[in-house]
There are 2 protein chains.
Amino acid sequence: MKIAIDGMGGDNAPVAVVQGAIDALKEYDNIELYITGPEELINAELEKYTYSKEKINVIDAKEVISPNEHPVMALRKKKDSSIVKALELVKDGVCDAIISGGSTGAFLAGCTLTIGRIKGVERPALAPIMPGRHGSFMIVDVGANVDCKPQFLMQFAKMGKIYYEKVFDVKNPSVGLINIGEEEEKGNELTKAAFKLLKEEKNINFKGNVEPREIPGGNTNVLVCDGFVGNTALKMYEGSASSILGIIKDEVLKSSITSKLGILLLKPVLKNCLKKFDYKEYGGAPFLGVNGICIKAHGSSDGKAFKNAIRQTKIFYEKRVLEDMKNEFCSEN
Amino acid sequence: MKIAIDGMGGDNAPVAVVQGAIDALKEYDNIELYITGPEELINAELEKYTYSKEKINVIDAKEVISPNEHPVMALRKKKDSSIVKALELVKDGVCDAIISGGSTGAFLAGCTLTIGRIKGVERPALAPIMPGRHGSFMIVDVGANVDCKPQFLMQFAKMGKIYYEKVFDVKNPSVGLINIGEEEEKGNELTKAAFKLLKEEKNINFKGNVEPREIPGGNTNVLVCDGFVGNTALKMYEGSASSILGIIKDEVLKSSITSKLGILLLKPVLKNCLKKFDYKEYGGAPFLGVNGICIKAHGSSDGKAFKNAIRQTKIFYEKRVLEDMKNEFCSEN
């Protein structure tokens, strides 16, 4: 398969992008990479490594879109940007997938405008996979759609189900609706209406409302909500983890020698815990519902994260997830 | 001051309520308590302690409203319930404040319907105080209003500011709008409109949008949002903390003797961390905007939590927070 990678997307680009690309080529078969960005810059990075030259193509793009720019305006103005060039590679059929660690807004808008939606999908949704205590969970959507209709959430559930089932090999994964109470009548206008729709859909293993308190346990595979709530849940999870580990650190620093020895002895355990929380292990977040394989890598991705995003893209492709989504929604029309 | 306490509210009622009441009497001056509930049950608990009889009044109430009942229907039907009796004590001017650890829905509806709103306040809001790494923060609202208008959020900011300033002695506390991006133009229709209102209000120390990732750091004192988002943030915080500590526990259990020794040595530190996260230290969540001092204690409150809710009620009263809120909003009419 051929994968387009936005060579300038992310805080550590292009260094981390090139490193991830090189590492991925070592580990995975049947991939060919197209890295977009200023030719001389990307080539200078590539020169640091030994690799099969025919597996990496550099596509020149002189401009870069930053996360602070207005997404749609920037896409229109900067035709020679690394992300626009990468999107065109997919649109023109040269590549089968795109990965970017750059501006989320530009990525989502670019995928929707350039690659387009799957026929029948009303709103594509960004759906990261996160580590929970008892398993990984996926939240659909975390920010592509801040104001939603109940029907959108129904489609999020269908898309999340297909992705989770195929990529994680989990038969009929459980689907929950993020809500502020367990009972059917709880919530706002959106969740009340979405609950009714989800309850009636026979092809969804709907577990009902899931209170945010239960999400990090990881007992529900796919969680649906509007993008504002999903983004809040995602960022609150990240923020809580960092704050809690920070509080432990603060306390250890002002504690006795004994406690400091304790933390030293605990180091291997804490390392394992941190690994469990390491988003780099998970690759990126698929943008579900667009008519292509589009993976948003974390803005702070390092080489390992980009390598894993490439692995994720390969699984997405080989398991034919996109075809299943198309089949699911074409019947709705 | 006279405080009405719902003797049957909470998972550990009436045992924990009575214990908290007795402990509060030992520590705090100038309080007189009215405990509502089945007379024989409450008296049987009280008989276990020695205390000044004139400081505690038992008000008979034979019924109990459970969290599973429809709030408004239950309030209407169960006139002889512990919460309705407690509400009436405030309404009739016998008591200055009410505390309940029972059904949140019944408490919010009961306070609004029986005690009423402050003139000028459109929607009262539930506003718990939570521990952050660098300080406590308050979220207004966490569930009383799941669908909000921008103007409500503006009022939440004003109420939160008054409470935080007076109760924590912080001059002009910082106020943030929970949003999925820092820039003014980010968010959904509600936050975009609320941002404009907040920015123009000179009496609010408005810090702009706060991403949920930043909330647990505790660098912003008062955070406003609709009740659905606030509830999600609150419960995600609770869930993350318990899941992260659970993951550490899981890892320690399957680890070497060395790591187990490490956790033993770290115990005092972890205890301090847990104490920092202990909601029982914080009392309950004030229901701001109603025309009375109304404190919602956590459903799983123990004696200590009820004692601290009583302390919180006393501060609310003595610092004349309610009077300041009335002054703030009467001028709006």
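In the predicted model, helices H8(A) and H9(A) cross with left-handed geometry. H8 spans residues 227–253 of chain A, and H9 spans residues 257–276 of chain A. Their axes come within 12 Å and cross at roughly 165°. Angles over 145 degrees count as roughly antiparallel, and H8(A) and H9(A) are therefore roughly antiparallel to each other. H8(A) brings Leu245(A), Ile248(A), Val252(A) and Leu253(A) to the contact. H9(A) meets them with Lys260(A), Ile263(A) and Leu274(A). By class, six of these residues are nonpolar, none is polar and one is charged.

A second helix pair was examined in chain B. Here H1 covers residues 15–27 and H2 covers residues 39–46. The two axes come within 9 Å, with a crossing angle of roughly 50°. That angle makes H1(B) oblique to H2(B). The crossing of H1(B) past H2(B) is right-handed. On the H1(B) side, the contact involves Val15(B), Val18(B) and Ile22(B). On the H2(B) side, the partners are Ile42(B), Glu45(B) and Leu46(B). Five residues of this contact are nonpolar, none is polar and one is charged. Glu45(B) is the charged residue, because Glu is counted in the charged class.

The relation between the chains was considered next. Two copies of a chain are related by a rotation about an axis and a shift along it. Chain A superposes on chain B after a rotation of 180°, with 0.0 Å of shift along the axis. The RMSD of this superposition is 0.0 Å. Such a relation is that of a two-fold axis. Within chain A, the C-alpha of Gly262(A) is the nearest to the axis, at 1.9 Å. Gly262(A) falls within the residue range of H9(A), 257–276. Both copies use the same surface: 100% of the contact residues of chain A recur in chain B.

The interface joins 53 residues of chain A to 53 residues of chain B. About 5100 Å² is buried between the two chains. Carbon and sulfur atoms give 71% of that area. In chain A, the residues that lose the most area to chain B are Arg133(A), Phe228(A) and Met236(A). Together, these three account for 14% of what the chain A side buries. Phe228(A) and Met236(A) lie within the range of H8(A), residues 227–253.

Conventions:
Residues numbered from 1 in each chain as written. Chains lettered and ligands numbered in written order. Predicted model: local features only at pLDDT ≥ 70, side-chain atom pairs only at ≥ 80, totals over all residues. Heavy atoms only, no water. Axes fitted to C-alpha atoms, helices over the stretch in contact; angles between N-to-C directions. Helix = DSSP H or I, 4+ residues; strand = E, 2+ residues; numbered from the N terminus. Parallel < 35°, antiparallel > 145°, perpendicular 65-115°, else oblique. Left-handed = near helix turned anticlockwise from the far one by under 90°. Contact = heavy atoms within 4.5 Å. Least-squares fit on C-alpha atoms with pLDDT ≥ 70 in both. Buried area = accessible area lost by both parts, 1.4 Å probe.
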